[in-house]
Amino acid sequence: MNLRGHQKELQSVLGNLNQAELPLDILVDVVPGGGKSMLPGLLANRFPNHRIAWFVPRLSLARQAAIGMLKDFGIEIRESGNDTNPSRGTRGFVATHAALTTDPSLWRHELSRAPYLLVIDELHHAKRLRSGEPNALAAAIAQLPYYVRLCMTGTLETNDNSLIYNVPYAGTARGYELDLQSFAGKVIRYSRSSALGQGAIVPVEFHYHDGPVKWEDREGIQEARLSEVDSEDEAQAVWTALRTELADQLLANCILHWRQFGGRLLVVTADQQTAKAYHASIRRQGISCGLAISDAADAHGDIEEFREGRVQCLVTCQMAYEGLDVPAISHIACLTHIRSTPWILQMLARAWRAVSGKQKCWAFVPNDPRMNRVIERIRREQDTVVPLPREANGQGGGGQPVGFVPISGEVVSVTAEMLDGGAADDSISVQVAALCKQFNLPMDHPMAAQFISALRSGGMPQRRDMTVAEKETQLRNHLSKSCNRADYEKRVEPGTHQGRLFKAMGFKSITQMTLKELEHARTVCARVCS
């Protein structure tokens, strides 16, 4: 296994560990897309006799964690809700932050039953208020015993200027600054520049869209060029840009560029209503497109189809941020009003993940001062300073300003610029030319079109892997259907064959069985129903 810098560092820390350092706390700050999902597997390999307890923000990430652990390390862990015996015969479990906060005592009891390696994913969701009070997630994490605790995050900054649980700060005249030197355990950091240098991520080429915007507020009609608005008008200008023709032109330019050079397209909007409108518009253009918003009937299904390449575009507000691991994403249309550094960083990380043949990615953004400041912070990799509390702070995370009406906005200039310098050019045609030369083919040969398609998509979709929990569900459904069918065919009372199976399996419910027990129950069921 070819390890990256932070992965090697963790392996070194674990390899040199002595008994006196246990229990050990490890804090890992890895740029989004840098490969922190490999770290729990390295931890599990180092302690093969310990179970793994891995908590993630969302269900889609739980499935992704279970599949990644099996594919990369051959270790089977189980997706769990608030279940007793969540591991069910595997090496451990992965559950959501919500499951942890719903019943902290259940998880505290489970981690007390056996020696556990505790993994907290996206630690920045666990917060400490200025009063010192923890939020529900932080309070639940603090109750969990562990042998080694691995706290992972893609950002040491929060959207609401709160403090992150388990991260040390020092109070200064400017505010609260990171004080990682005083962390009691081990700290591992993997910067964007390191990830770029090691090929873990690819460079970003920005296409900035600028032009005049006009709105009406209490003082009358206001007009300015988007990139030159006064600081007090920034929020109104951004919202005007997103509610007028400027946003439509930005998306149209992104789609045009994506059709020529792209793999998959992610469109990030300001709200669900706008997401629905853009989703419909994109589909009318003949583009296969999914919709990942909380109002959508099958948002997670659409995300899965996008991941597997069955649709080429995904429109979302925020559901597809952290953990959407689709390296084939090449283009992002940024039509969101949010201008916090961790938010934009997570958005860009959806596209800058590396895959074979991918040289760069593209972000189409409004050219407003807030966006420029965020991008500059990302470029300089500047650690946050959490401001000291103030009586009033109207800036927030870029929420909708009140008391104004967007009138018009249009793109009059588009500027291309690389995040880390270098020429802004398109590389797929160069790669196709090299491949045609390698195979001694003319550029108009039909095989060249296949090269373009492969480079844009990042490879053909692979077969769908199944997690332990999905296999359990499949087997339970099979057993239930087999018993119901036997009841119908033999004209007996509904539930008769399920009762016989329950008795044959030692009066154990199929909802409580491990995967191996369910596989055995399938054989028993065939005999019972024959």
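**Exercise 1. Find how many bridges join strand S13 to S14, and work out which strands sit at the edges of their sheet.**

Step 1. Go to strand S13 (residues 212–217) in this predicted model. Strands S13 and S14 run antiparallel, and 6 bridges join them.

Step 2. Pick one pair to anchor your view: Trp215 has Gln222 in S14 as its bridge partner.

Step 3. Now zoom out to the whole sheet. It's an open one with 3 strands, in the order S14-S13-S21, and the pairing is antiparallel.

Step 4. Read off the edges. Strand S14 (220–225) and strand S21 (404–409) each have a single partner strand, so one side of each has no neighbour in the sheet. From one strand to the next, the twist averages 20°.

**Exercise 2. Lay out the sheet of 7 strands, then place helix H1 on it.**

Step 1. Start with the order, which is S3-S4-S2-S5-S7-S1-S11 in an open sheet with parallel pairing. As a reminder, strands of a sheet pair through backbone hydrogen bonds, either parallel or antiparallel.

Step 2. Mark the edges: strand S3 (78–79) and strand S11 (186–190) each pair on one side only.

Step 3. Check one pairing inside the sheet. Strand S5 (residues 116–120) pairs with strand S7 (residues 148–153) in the parallel sense, over 4 bridges. For example, Leu117 has Val148 in S7 as its bridge partner.

Step 4. Add the helix. H1 (residues 5–15) lies across strand S1 (24–30), S7 and S11, and runs at about 165° to S11.

**Exercise 3. Name the residues with the most contacts inside the largest nonpolar core, and follow one of them outward.**

Step 1. The largest nonpolar core has 73 residues, and the ones with the most contacts inside it are Ile26, Trp54, Leu150, Phe206 and Trp352. In soluble globular proteins, nonpolar side chains tend to be buried together.

Step 2. Follow Trp352. Leaving out neighbours within four places in sequence, its contacts include Val31, Pro32, Ile201, Val204, Leu345, Cys361 and Leu419.

Step 3. Don't stop at one core: a second, separate one of 38 residues includes Val238, Ala241, Tyr278 and Ala296.

**Exercise 4. Decide whether Arg353 is buried or exposed, and find the side chain with which its own makes a polar contact.**

Step 1. Locate Arg353 in the loop between helix H12 (341–349) and strand S19 (361–366).

Step 2. Apply the cut-off. Arg353 has a relative accessible area of 13%, and buried means under 20%, so Arg353 is buried.

Step 3. Look for the polar contact: the side chain of Arg353 makes one with the side chain of Asp325, at 3.3 Å.

Step 4. List what else Arg353 touches beyond four places in sequence; Gly33, Ala200, Leu324, Pro327 and Lys358 are among them.

**Exercise 5. Do the same burial check for His97, Cys151 and Cys334, and count the disulfides.**

Step 1. His97 is in helix H4 (residues 97–102). With 8% relative accessibility, His97 counts as buried.

Step 2. Its contacts, skipping residues up to four places away in sequence, are Phe55, Val56, Pro57, Asp121, Glu122, His125 and Leu137. Also try a distance: His97 and Ala126 are 29 residues apart in sequence and 9.3 Å apart in space, C-alpha to C-alpha.

Step 3. Turn to the cysteines. Cys151 is buried at 0% relative accessibility, and Cys334 is buried at 0% too.

Step 4. For a disulfide, the cysteine sulfur atoms must be within 2.5 Å. The count here comes to 0 disulfides.

Technical notes: Residues are numbered from 1 along each chain as its sequence is written. This is a predicted model: local features need pLDDT of at least 70, side-chain atom pairs count only at pLDDT 80 or more; totals for chains, interfaces and linings use all residues. Side-chain values use heavy atoms; hydrogens and water are left out. Two strands pair if DSSP finds at least two bridges between them. Helices (H or I, at least four residues) and strands (E, at least two) are DSSP runs, numbered from the N terminus. Contact means heavy atoms within 4.5 Å. Axes are lines fitted to C-alpha atoms, for helices over the stretch in contact, and angles run from 0 to 180 degrees between N-to-C directions. A nonpolar core is a set of buried Ala, Val, Leu, Ile, Met, Phe, Trp, Tyr and Cys residues joined through side-chain atoms within 4.5 Å. Buried means under 20% relative accessible area, exposed over 50%, partly exposed in between (1.4 Å probe, protein chains only). A polar contact is a pair of N or O atoms within 3.5 Å; within protein, one must be able to donate a hydrogen and the other to accept it, and residues adjacent in sequence count only if both atoms are side-chain atoms.
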